[in-house]
Every structure is written in C-alpha cells, then in structure tokens.
Amino acid sequence: MKRVKEAIGYWTEDMEKGKYFGQGICIAILDSGIILHPDFDRRILEFTDFVGRQKAIYDDSGHGTHVAGILAGSGKMSDGIYQGMAPKSELVVGKVLDQQGNGTIQAVEEGIHWILELKNKRNIRIVNISVGAKPQLNNIEERNLLSAVEMLWDAGLVVVVSAGNYGPKDGTIAIPGSSRKVITVGVTGGSQIVNVHSQKEWNYSGRGPTKQCVVKPDLTAPGTKVISCNGQYTHRWKKPYILKSGTSMATPVVAGAIACLLSKYPDMTNVEVKLRLRESCLKEEKEELGWGKLNMRKLMK
C-alpha cells in the first residue's frame, strides 16, 4: 500500500495528521465476503451471505477480504505498513461471489436491495462493487443489473465499481462499470506496458466506449500487485497479507479516497463527489483513460 499511496499523493497535510481517515463513514462492499482479520478491528457492522446463506462471517475466496483491506484495513498486523485507504471507516459486507469468484445477477440484486434497506440504519455513504460481468451479458440481464446498481446511485449513495480485466481492447468495460451514473475505476497505465517492481505488466483494464458511446472508465488508480489482507488468515500458519492484481484492487483505492473526502466534507452529495473527482484527476502522458489518475492532494483540498 505504501507504493499505491505514493502514486496517488495520499500523504497530504490532513492525512499526515490523521484527520480524515474515513471517520464517521460507513462503506458497503459486495464481494466474496470477509473474515475477522485483526486489521478490521470491530468495524464490520453487518454481514449477509447471498450465496451459501450461512450465518457466520466468512470469505472462501479471499477476494473480498483483500478488497476490504485496501479500503479500510488498519494495518495492525504490519505496524501500519499495509494500512488501507480509510482505516477508520466502518464496513457492511454482502457476500455475492462464491469460492471461485463467480456470482449470479440475482445475488448481486439481492445484495443491492439489502444495502438500500440498511442505508439509513447504518448511514451507508459509499458502495464498493469490485464485481463485473463480461460485456457479452444478454440484454435482459445487463438491463437488470444496471438498473439495480443505478438504484443505489439514485438513493444518494456514491457507487464505485471496477472496469473489469477484459481489456485493453475498446468495448471491453465490464457491467455494471458501463453505467453512465456510477464511478468506474480502471488500472493506471493506459494501454501501455508498465513497469511494476521492475517487472513488465500489460495493462488489462477494461475500457469503453459503452454501447451508449460513454467514455469509461472514469478514472484510474494503482491496482497491479497490491498487498492487502489475506482471506486465509483464519489459519494462523498463513501470512496475514497477500498480493493480488486487478481493477478489483484499484476500485477500493478510489472508494477509500472518497471515504476520506467525505470525512472532511460530510455534506457532499454523490454528484458533487463525482465532479470533485473529475476536477482533481491528473492526466498523464500515455494515459488516455477517462479523466486521468486519482490524485489525493487535489481531491482533499
């Protein structure tokens, strides 16, 4: 996370003083679940399983725990080295993906309605959906998924979704990342080969235009080889952190940045948040995706 934070200018004066680490902000995550990793302290407020219908909190994939760690991990098990973006925020987690990372439209829709029911009780402000269906989804399923996700946005929630890893060709944006309303996140690097820890990585980020000719993703953030909480840490011989790559990892970087922003400006609407993001992104050479790369220095002004 240190490399991620350096890349986006995370350590502003406000952040150095620990003023706006997501205090008072509740974030909903739809993913593969979450474990009671020490880095989440007592900040997991709700958990519901829309896949196996189990009562106990769990994550048989590890994907959701990794995403949650990037978003809100305290870094307790690493002396703060792998602290997430908004380590004081609270979490509501819906399990909509199975052990293989697959899910149904029905499970996601159920998770969305559950979030809407909890919105006022838990004062949910942000929804992180690092889940995306292939662009070839049939028209009815696509329309249903987009309609459900846009219900969250229309309810005033800031909805942050992944662009998917089906790129870099045009028209490869994942659904619901194709929605005109929500904030869609790709991985920094454009369509170029980028150096990550001295290794060359081809950018896999999904991209538009969508069927409605909307430019997507909206912005990019680091998502390749990110170290975060290990969903297998329930077994004490496992390491507490693990490395993963994908637009799924870039999405909570942006969602966490928004949680910090809302800590500072709690009265901002989701539309105002989206406009602030657009105005504060940095356009870089060879970076042709959306508004540019997330920049915390400009965002938090």
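## Legends for close-up views of a predicted model

**Overview. The chain has 8 helices and 11 strands.** The model is predicted. Its C-alpha trace spans about 45 × 45 × 40 Å along the principal axes. A compact globule of 301 residues would have a radius of gyration near 19 Å, and the 17 Å of this chain agrees with that. Of the 301 residues, 59% are buried. The chain exposes about 12,800 Å², and carbon and sulfur atoms supply 49% of that area. Contacts between residues at least 6 apart in sequence were also examined: 75% of them join residues at least 24 apart.

**View 1. The largest nonpolar core has 87 residues.** In soluble globular proteins, nonpolar side chains tend to be buried together. Which residues have the most contacts inside this core? They are L91, I126, I258, L277 and M296. Helix α6 (residues 247-264) gives the core its largest share, 11 residues.

**View 2. I126 is one of the core residues with the most contacts.** Neighbours within four places in sequence are left aside here. The contacts of I126 include I25, C26, I27 and A28. L157, V158 and V160 are also among them. So are A255, I258, A259 and L262.

**View 3. W11 and F21 form an edge-to-face pair.** A search of the whole structure finds 5 aromatic pairs. In this one, the ring centres of W11 and F21 are 6.5 Å apart and the planes stand at 80 degrees, so the pair is edge-to-face. The two residues are 10 apart and link distant parts of the chain. W11 is in the loop between α1 (2-7) and α2 (13-16), while F21 is in the loop between α2 and β1 (26-31). Are these residues buried or exposed? W11 is partly exposed, at 38% relative accessible area. F21 is buried, at 9% relative accessibility.

**View 4. F50 and W114 form an edge-to-face pair.** Their ring centres are 5.6 Å apart and their planes stand at 70 degrees, so the pair is edge-to-face. The pair links parts of the chain that are 64 residues apart. F50 lies in the loop between β2 (44-49) and α3 (63-72). W114 belongs to helix α4 (residues 105-122). Both partners are buried: F50 has a relative accessible area of 9%, and W114 has 11%.

**View 5. Y10, W11 and F21 form one aromatic cluster.** A charge also sits over one ring of this cluster: the charged end of K5 is over Y10, 4.5 Å from the ring centre.

**View 6. The charged end of K274 sits over the ring of W153.** The distance from that charged end to the ring centre is 5.6 Å.

**View 7. V96 is a buried loop residue.** Its relative accessible area is 1%. V96 lies in the loop between β3 (90-95) and α4. What does V96 touch, not counting residues up to four places away in sequence? The list is L30, D31, F50, V51, N102, G103, T104, A107, V108 and V131. The C-alpha atoms of V96 and G64 are separated by 9.8 Å, and the two residues are 32 apart along the chain.

**View 8. Q232 is a partly exposed loop residue.** Its relative accessible area is 29%. Q232 is found in the loop between β10 (226-229) and β11 (241-244). Neighbours within four places in sequence aside, Q232 is in contact with D60 and K238. A72 is 160 residues away from Q232 along the chain, and their C-alpha atoms are separated by 18 Å.

**View 9. A cis peptide bond runs from I175 to P176.** Its omega is near 20 degrees. P176 is in the loop between β5 (158-162) and β6 (183-187).

**View 10. A cis peptide bond joins K216 and P217.** Here omega is about -5 degrees. P217 lies in the loop between β8 (199-202) and β9 (219-221).

**View 11. D41 has a positive phi although it is not a glycine.** The value is about 50 degrees. D41 is placed in the loop between β1 and β2. At 37% relative accessibility, D41 is partly exposed.

**View 12. D79 has a positive phi, in a residue other than glycine.** Its phi is near 55 degrees. D79 is found in the loop between α3 and β3. At 75% relative accessibility, D79 counts as exposed.

Note on methods:
Residues numbered from 1 in each chain as written. Heavy atoms only, no water. Phe/Tyr/Trp six-rings, centres within 6.5 Å; stacked < 30°, edge-to-face > 60°. Helix = DSSP H or I, 4+ residues; strand = E, 2+ residues; numbered from the N terminus. Buried < 20%, exposed > 50% of the residue type's maximum accessible area, 1.4 Å probe, protein only. Lys NZ or Arg CZ within 6 Å of the ring centre and 35° of its normal. Contact = heavy atoms within 4.5 Å. Core = buried A, V, L, I, M, F, W, Y, C linked by side-chain atoms within 4.5 Å. Rg over C-alpha atoms; globule rule 2.2 N^0.38 Å. Areas by Shrake-Rupley, 256 points an atom, 1.4 Å probe, with all protein chains shown as cover.
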